[in-house]
Amino acid sequence: MIIDPVLEKVDRYLRLMEELELNLVKAVDTHLHADHITGLGALRDRTRCITVMGEQSKVDVVSIRVADGDQLRIEGLALDVMYTPGHTDDSYSFHCGDRVFTGDTLLIRGTGRTDFQNGDPRAQYESLFGRLLRLPDETLVYPAHDYKGDTVGTIGEERAHNPRLQVRSAEEYIELMNNLRLGNPKRMDVAVPANLRQGLAQEQIAQRGWAYTAEQAKALFGRRGVALVDLREKCERERHGKIPGALHLPYHDLRVNLSPNGILRLLAAVPDGILLFYCAFGERSAMAVRAAQDVGLRAARPIQGGIEAWRRAGGMFT
């Protein structure tokens, strides 16, 4: 898993993962960044990883949208999802054992500005003093970035030495943040529009004629030879419901399921059959269809827009 990747560093990330013999499974942005272009889309397109952001994000498409109290799981690790708004209205932090990844909410000897992207100093005060600073003092703090070159601190160090945390009340913090008078980030006019648009995978699949709209998928529902395949994770199915009769084959098992003896190969062998993939918003199913087509499964199709589009179209779900 990689958190808050930067587009210009994608080649470096991929080279390092190759050297360490690692596979990228999930790429996470803590919020919509204004000072750099995210590497989420590039990493997704080059590794077919799952992309993750908070449910408040205005980004057009990501694989999974998380909410406060969720857990983000990978390889036996669980990261507790913490909604920590204030820097932006979609800011999240991720707590895992002895460390917390704070995005731009809590920085090393600083805090994220609150004067754009629906920032709110009062909300940030609550995120800091009501959530993050209640973690144990020894908890390691990893921010999204630091312009001075610092990479890690601790909750105790920040509580004692962070100048923006030496306030006696929310009102004092609000006054401090409202009087910073900072200029806009240098790349804000470029970065924000670029970061809002990440849904290219679905468009490319649709342009090749491989996709079904939710309405078209509804017309196929229940027909002989049509296999619905749910690519979401177990927690998503439990939280958001599922389409009746769908097989649960999570996206992270796609490589195994597309192998010569995999279940998707067996399902695709049905004469005139259709493999109809769906996920939350359509991104994972688009990537899965591309992977299936790459190994010769011409019957694979995604539902554009995922189960959210299916729900809006009045499709059955439980």
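**Exercise 1.** In this predicted model, determine how many of the twelve residues of helix α12 are buried, and check whether the span of the helix agrees with its number of residues.

*Solution.* Begin with burial, for which the cut-off is under 20% relative accessible area. By that criterion α12 is mostly covered, with eleven of its twelve residues buried; among them are the charged residues Glu283, Arg284 and Arg290, together with Met287 and Val289. Next take the length: α12 covers residues 283-294, and because each residue should contribute 1.5 Å, the expected span is 16 Å, which agrees with the 17 Å between its end C-alpha atoms. Finally, look just beyond the helix, where Gly296 adopts a positive phi of about 90°.

**Exercise 2.** Describe the two faces of strand β5 and establish how β5 is joined to strand β6.

*Solution.* First sort the residues of β5 (residues 71-74): Leu72 and Ile74 make up the covered face, whereas Gln71 and Arg73 lie on the uncovered one. Then follow the pairing, in which four bridges join β5 to β6 (residues 77-83) in an antiparallel arrangement, with Ile74 having Leu77 as its bridge partner. The connection is a hairpin with two residues between the strands, and Glu75 in the turn has a positive phi of about 50°.

**Exercise 3.** Find the volume of the largest cavity and classify the residues of its lining.

*Solution.* Start with the count, since the structure holds one cavity of 30 Å³ or more; the volume of the largest cavity is about 40 Å³. Its lining includes Asp29, His31, His33, Met53, Asn195 and Gln198, and the lining residues divide into four nonpolar, five polar and one charged.

Note on methods: Residues numbered from 1 in each chain as written. Predicted model: local features only at pLDDT ≥ 70, side-chain atom pairs only at ≥ 80, totals over all residues. Heavy atoms only, no water. Expected span 1.5 Å × (residues − 1). Buried < 20%, exposed > 50% of the residue type's maximum accessible area, 1.4 Å probe, protein only. Pairing = 2+ DSSP bridges. 1 Å grid on protein atoms, 1.4 Å probe; cavity = no way out; pocket = protein on both sides within 12 Å on 5 of 7 lines; lining within 4 Å. Points joined across faces, edges and corners; volume = space filled by probe spheres on them.
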